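Work through the exercises below with the sequence and the 3D structure open. Try each task before reading its solution.

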Amino acid sequence: SVRPELKRMIEFQRINLLDSTYSVRSPLDIIFCRNVMIYFDKPTQYKILSRFAPMMQPDGLMFAGHSESFLHASDLFKSLGKTVYALASTR
């Protein structure tokens, strides 16, 4: 649950990660993609992550689940901790 004054500043949206396009305005400050990527194989995860990267602010963060790791996409994202990722390089 989010406090009302904060909720007014946030846009919540669900998307199908396998869709060819996302109806999301970017750049994004934060992406919460928790406990979803574990259901995709590594090539599909990489494809999704490669679509996330250009949508993010240079200092944006992505939050994943505790059982998810994106070492195979280290050219796109770097780990800042167990579940927090940042862009591997700034554009």
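**Exercise 1. Decide whether Arg3 is buried or exposed, then do the same for its salt-bridge partner.**

Solution. This is a predicted model, and every value below is computed from it.

Step 1. The relative accessibility of Arg3 is 59%. Exposed means over 50%, so Arg3 counts as exposed.

Step 2. The side chain of Arg3 meets that of Glu5 in a salt bridge, with 2.5 Å from N to O.

Step 3. Glu5 has 37% relative accessibility, and therefore counts as partly exposed.

Step 4. Side chains of opposite charge can pair when their charged atoms come close.

**Exercise 2. State how many salt bridges the whole structure holds, and describe the one formed by Arg25.**

Solution.

Step 1. A search of the whole structure gives two salt bridges.

Step 2. In one of them, the side chains of Arg25 and Glu11 meet at 2.4 Å, N to O. This pair links distant parts of the chain: Arg25 and Glu11 are 14 residues apart, and each is in the loop between helix 1 (4-7) and strand 1.

Step 3. With a relative accessible area of 64%, Arg25 is exposed. Glu11, at 47%, counts as partly exposed.

**Exercise 3. List the helices and strands in sequence order, then give the order of the strands in the sheet.**

Solution.

Step 1. The protein has two helices and four strands. Along the sequence they follow the pattern α-β-α-β-β-β.

Step 2. The four strands make an open sheet with the order 1-2-4-3 and mixed pairing. At the edges are strand 1 (28-32) and strand 3 (77-79), each of which pairs on one side only. From one strand to the next, the twist averages 25°.

Step 3. Take strand 2 (residues 56-63) and strand 4 (residues 84-87): they pair in the antiparallel sense over three bridges. Met62 has Tyr85 in strand 4 as its bridge partner.

Step 4. Now add helix 2 (residues 42-52). Helix 2 lies across strand 1, strand 2 and strand 3, and runs at about 140° to strand 2.

**Exercise 4. Describe where Phe70 is and which residues are in contact with it.**

Solution.

Step 1. Phe70 is in the loop between strand 2 and strand 3.

Step 2. Buried means under 20% relative accessible area. Phe70 has 2% relative accessibility, so Phe70 counts as buried.

Step 3. Leave aside the neighbours within four places in sequence. Phe70 is then in contact with Met37, Gln45, Leu49, Met62, Ala64 and Tyr85. Two residues in this list, Met62 and Tyr85, are the bridge partners from Exercise 3.

Step 4. Ser26 gives a second reference point: Phe70 and Ser26 are 44 residues apart in sequence, and their C-alpha atoms are 22 Å apart in space.

**Exercise 5. Compare the radius of gyration with that of a compact globule, and describe the protein as a whole.**

Solution.

Step 1. For 91 residues, a compact globule would have a radius of gyration near 12 Å. The protein has 13 Å, so the two agree.

Step 2. The C-alpha trace spans about 40 × 25 × 25 Å along its principal axes.

Step 3. Of the 91 residues, 30% are buried. The protein exposes about 6400 Å², and carbon and sulfur atoms supply 55% of that area.

Step 4. Among contacts with a separation of 6 or more, 57% are between residues 24 or more positions apart.

Definitions and conventions
Residues are numbered from 1 along each chain as its sequence is written. This is a predicted model: local features need pLDDT of at least 70, side-chain atom pairs count only at pLDDT 80 or more; totals for chains, interfaces and linings use all residues. Side-chain values use heavy atoms; hydrogens and water are left out. Two strands pair if DSSP finds at least two bridges between them. Axes are lines fitted to C-alpha atoms, for helices over the stretch in contact, and angles run from 0 to 180 degrees between N-to-C directions. Contact means heavy atoms within 4.5 Å. The radius of gyration is taken over C-alpha atoms; the globule rule is 2.2 Å times the number of residues to the power 0.38. Buried means under 20% relative accessible area, exposed over 50%, partly exposed in between (1.4 Å probe, protein chains only). Accessible areas come from the Shrake-Rupley method with a 1.4 Å probe; for residues, only the protein chains shown count as cover. A salt bridge is a side-chain nitrogen of Lys or Arg within 4 Å of a carboxyl oxygen of Asp or Glu.
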